[in-house]
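I opened a new page for this protein today. These are my entries, in the order I looked things up.

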Amino acid sequence: MGVPSLAQLALAGVISLIAFLGYGPQYLFHHIEPSALNRTQSIVFNILLFCTWVCYARACFTDPGHVPREWGTNGFLDHVSDLDTASLQTRIRRCRKCENDKPPRAHHCKVCQRCIPKMDHHCPWTINCVSHRTFPHFFRFLFYSVTAMLYLEYFLYIRLAILFQNRSLPSYLGPTPIQMIFLFTFTLTNSITLFALAVLLIRNIYTLASNTTTIESWEIERHDTLVRRARSHGGYLDGPDGQKIRLRRQEFPYDIGIYANARQAMGTGIWTWLWPFAATPANEAGLAFETNGFEGEEIRFFLFIECDCGDE
């Protein structure tokens, strides 16, 4: 039996953490004041825990998608027939590793060893790519885990408050040293994990509302940096062979409004956005995306689709 890989250890670590925070405190609460969770509290918390398990499993094991081998100029023109064909031929991206053309927003993942439609990043904690197909499951996992940990933090706070109020009582009337160690361990672990995942959830709410990926946010920052640099040089930057290239700020083409962005990423039915068993988006839906029309088609295509410097 070989040595487990880092990815396998990360997966085991997350599973252990969910079980540790999900079931350990519930057992401890039976033995310290005020008492175990009541029926309603137990049902709500365990439903949140169940949803966390389901969404994490789907984020880990759902296929992140692929670019069909037959995808190319003809397939792309079926989706964006209004583009000039000659312009498209010169600007369409090609993956050197897959030896295949890449659709808009697709990037090559060196871990998955293929191009992933609307790739956000390869997550080491799910050992899977966060992509057009897996983002809804990943987002729901963050939502339910943060909600469950907030609920748990409330329960832990109540018991810590009682412990503080009874600090002057004889020690034999309070929890044992082992119970106190576990109580503080659960509180510290839950607080740190809650903070980290809450920040990640807020970040993903922003990307959901703006219809950007992590890779695209890097490209937008890079573009803004180049624009600021160009302004200090009269609107021009030095290009290849010493040529001067005029550069102006371009609008991100895939932000089509908060509600439309959310529907595109999470599904058309708003009632399914937080449903753990919601259908996974089709692979074909990640090969072409609606644009907002703020810029000319040829400018949008060049600035936000051609660049590959964010590929994994």
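The entries below go from the whole chain to single residues.

**Entry 1: the whole protein.** I noted that this is a predicted model. I began with the secondary structure, and it comes to nine helices and eight strands. Next I looked up burial. Of the 312 residues, 44% are buried. I then turned to contacts with a separation of 6 or more. Residues 24 or more positions apart account for 72% of these. For the surface, I found about 17200 Å² exposed. Carbon and sulfur atoms supply 62% of that area.

**Entry 2: helix α1.** How far apart are the end C-alpha atoms of α1? I found 34 Å for this helix, which runs over residues 6-29. At 1.5 Å a residue, its 24 residues should span 34 Å, so the two values agree. I also looked for bends. There is a kink of about 25° in α1, and Phe20 is at its centre.

Which residues of α1 are buried? My list includes Ala10, Leu11, Val14, Ile18 and Leu21. Further along I wrote down Gly22, Gly24, Pro25, Gln26, Leu28 and Phe29 as buried too. I kept a general point beside the list: an α-helix has 3.6 residues a turn, so residues three or four places apart point the same way. Then I asked what covers the buried residues of α1. The cover includes α2 (39-61), α5 (135-165) and α6 (177-210).

**Entry 3: Gln179.** I picked one residue of α6, Gln179. Is Gln179 buried or exposed? It counts as buried, because its relative accessibility is 18% and the cut-off is 20%. I left aside neighbours within four places in sequence and checked its contacts. Gln179 is in contact with Leu28, His31 and Ile32. Leu28 is also on my list of buried residues in α1.

**Entry 4: cysteines.** I searched the whole structure for disulfides and found zero. As a reminder, a disulfide is a covalent bond between the sulfur atoms of two cysteines. Why is Cys55 not bonded to Cys51? The sulfur of Cys51 is the closest cysteine sulfur to that of Cys55, but it is 6.2 Å away, too far for a bond. The cut-off I used is 2.5 Å. Cys60 is in no disulfide either. For Cys60, the nearest cysteine sulfur is that of Cys123, 7.9 Å away. Both residues went down as buried: Cys55 has a relative accessible area of 1%, and Cys60 is at 7%.

**Entry 5: backbone angles.** I set the general rule down before checking. Most residues other than glycine have a negative phi, and most peptide bonds are trans.

I then looked at the peptide bond from Glu33 to Pro34. This bond is cis, with omega near 5°. Pro34 is found in the loop between α1 and α2.

Next came Glu99, where phi is positive, near 55°. Glu99 lies in the loop between β1 (93-95) and β2 (100-102). Its relative accessible area is 54%, so I marked Glu99 as exposed.

Last I checked Asn211. It is not a glycine, yet its phi is positive, about 60°. Asn211 has its place in the loop between α6 and α7 (214-231). Is Asn211 buried or exposed? I marked Asn211 as buried, since its relative accessible area is 1%.

Methods: Residues numbered from 1 in each chain as written. Predicted model: local features only at pLDDT ≥ 70, side-chain atom pairs only at ≥ 80, totals over all residues. Heavy atoms only, no water. Helix = DSSP H or I, 4+ residues; strand = E, 2+ residues; numbered from the N terminus. Expected span 1.5 Å × (residues − 1). Bend = angle between axes of the 7 residues up to and from the residue. Buried < 20%, exposed > 50% of the residue type's maximum accessible area, 1.4 Å probe, protein only. Contact = heavy atoms within 4.5 Å. Areas by Shrake-Rupley, 256 points an atom, 1.4 Å probe, with all protein chains shown as cover.
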